Amino acid sequence: MSAPSIDRYITAPRPEPLRRGGPAPIYVVCSPNRQVGKTMLARLLTEHYMADARPVAAFDLADEGPGLADFLAHHVTIPNIRDIRGQVRFFDGLIETGNVPKIIDLSHREFANFFTIVDKIGLFEEARRRSIEPLILFLIDPSPVAAKAYGLLRRRFAGISLLPVRNLMVAKGLPYCASFPHASTLVVSLEISMLGPAARALVEREKFSFLDLGKQASPYSDMSVRTRAELDAWFRRARFQFREIELSLIREQILTALQVDLSAGLQSALAG
Amino acid sequence: MAKPAVILVGADKGGVGKTTVSRTLLDYFASRKIATRAFDTECPKGTLKRFHPAITDVVDVTSVPDQMKIFDTVESSDAQVTLIDIRAGLMTSTLEALRDIGFIDMTKRDELTFAVFHILGPSIASLDEIAETSKFLLDARYFLVKNFINNTSFFDWDERTYNSYFNKIPHAVEVVVSKLSEMACEQVELSAVPFATFIADKKADGEPAGNSFVLRGYVRHWLNNVFAEYDRVRLTDILDAKDAASKLRGAGKITEFSPQRANS
């Protein structure tokens, strides 16, 4: 993690009010630890958009398999942020097409490097200036490393939505408030619920897609009705929460637009 | 009226980043609203002038008429700071000329501020330059700049040797210019605009440039580090503008940095 920025002199341009229109956030799915469900959450999110036939761009910054690209090969790009040319390609592209939601599955090994670069180049400030909302979805777990990393992100990216995500398979009973206080204007919380062993084994198979649950080909044809129903309900629960996030974003957009209109109206009234 | 200041940026060795440091200084003064003019001694084509054309004149610092153009106008100019980017090989001879015309004596009488930014290269020859240069600068502000922008590793230097040179000049202050990614550096060169204009994503004519935001971010981060270094050595204080400087520091962030200021 980088030291607190000394960008005291020339700051990134001030954020513009959010545009009216559908939200197309940049989701950064992250944790400094492995095996906490980052790729699973990124998959759920990507398939949430795909299920509605909405455009989505997913990026696999995982450096060990199976990663997002192993599950959604045709929909995922694998960027390289280790050199500056790769960074230019990836980060510039990230904010150029502002109307498509982006999902970044960030490996625990790239965690520090990614946020150091983001801090240096001012990615989140630039995204906001272009009416793109960055959302950091942080998979919490009981390790002190996670709590420390969460605190660092919270301090370094104050004002950026940092949402703790509780994956009940690794963080059941872990309280948010102590080490992972909610740091977002979006009044939502995310939780990945438990899955039975059979369903879990299925979703961890490469090429498994929630969108294909209705298919009769293997491995979908092999699953019991109960497992199929469990997975279907599980995906729906996740999607319900993602919709809540989207609704919160829309509400924020409307509020910001109203504030802008109101202050413009006040200014013209005062000028008149 | 604040005391005028003359800042000489030079080195006898070429390719150590004299013009780059001059450019950062012009951006720094522009950000602090200190009126500055510059002279580019890379005659006749000019190097610094490519980046700051509105405030830069190309001069032949070895010719008397051009010396008059620079030094006879220091006090009458609207600009508080006169920055001279000395081409490679002319540092010592320029200092000799300044001594001969009595310019250095003026600094002794406290009529103006004279500062030298001596850009050091990685070779031992740079250390010999320090001894050569410092004898002219007993009453001047002497900044020894370790310029890492091109990833200079100062491989020839033994730290003890460097310190022995450095300690001989008690008033010398070390300034470190950190490394900037080659690609970012290259893009600013190609854009031929001040660093601040590149950061603001503008062309020289003020039109949007469409530069990579990643590269702009890196340049902004780097330039802020350089500015922090200039603040650390209290650069604005030497201009006898302490009040203005402390007010600026008290104000904290400068949130809007107009590229026009850097050009004008």
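Here a colleague quizzes a modeller about the wording used for this predicted model.

Colleague: What makes α1(B) and α10(B) roughly perpendicular to each other?

Modeller: The axes of α1, residues 18-31, and α10, residues 213-232, come within 10 Å in chain B and cross at roughly 75 degrees. Angles of 65 to 115 count as roughly perpendicular, so α1(B) and α10(B) get that label.

Colleague: Which residues of α1(B) and α10(B) meet there?

Modeller: From α1(B) you have T24(B), D27(B), Y28(B) and S31(B), and across from them in α10(B) sit L223(B), V226(B), F227(B) and Y230(B). By class, that contact has 5 nonpolar, 2 polar and 1 charged residues.

Colleague: Now V233(B), in the loop between α10 and α11 of chain B. Why is V233(B) called partly exposed?

Modeller: Count the neighbours: V233(B) has 14 other C-beta atoms within 10 Å. Buried takes 20 or more and exposed 12 or fewer, so V233(B) lands in between, as partly exposed. Leaving out residues up to four places away in sequence, V233(B) touches F143(B), V173(B) and V175(B).

Colleague: And chain A, with its 10 helices and 7 strands: how do you know that chain A is as compact as a globular protein of that length?

Modeller: Its radius of gyration is 20 Å, and the globule rule gives 19 Å for 272 residues; those are close, so the description holds for chain A. Along its principal axes, the C-alpha trace of chain A spans about 70 × 40 × 40 Å.

Colleague: How many of the residues of chain A count as buried?

Modeller: That would be 38% of the 272.

Technical notes: Residues are numbered from 1 along each chain as its sequence is written. Chains are lettered from A and ligands numbered from 1 in the order in which they are written. This is a predicted model: local features need pLDDT of at least 70, side-chain atom pairs count only at pLDDT 80 or more; totals for chains, interfaces and linings use all residues. Axes are lines fitted to C-alpha atoms, for helices over the stretch in contact, and angles run from 0 to 180 degrees between N-to-C directions. Helices (H or I, at least four residues) and strands (E, at least two) are DSSP runs, numbered from the N terminus. Angles under 35 degrees count as roughly parallel, over 145 as roughly antiparallel, 65 to 115 as roughly perpendicular and the rest as oblique. Two residues are in contact if their C-beta atoms, placed from the backbone, lie within 7 Å. Ala, Val, Leu, Ile, Met, Phe, Trp, Tyr, Cys and Pro count as nonpolar, Asp, Glu, Lys and Arg as charged, and the others, Gly among them, as polar. The radius of gyration is taken over C-alpha atoms; the globule rule is 2.2 Å times the number of residues to the power 0.38.
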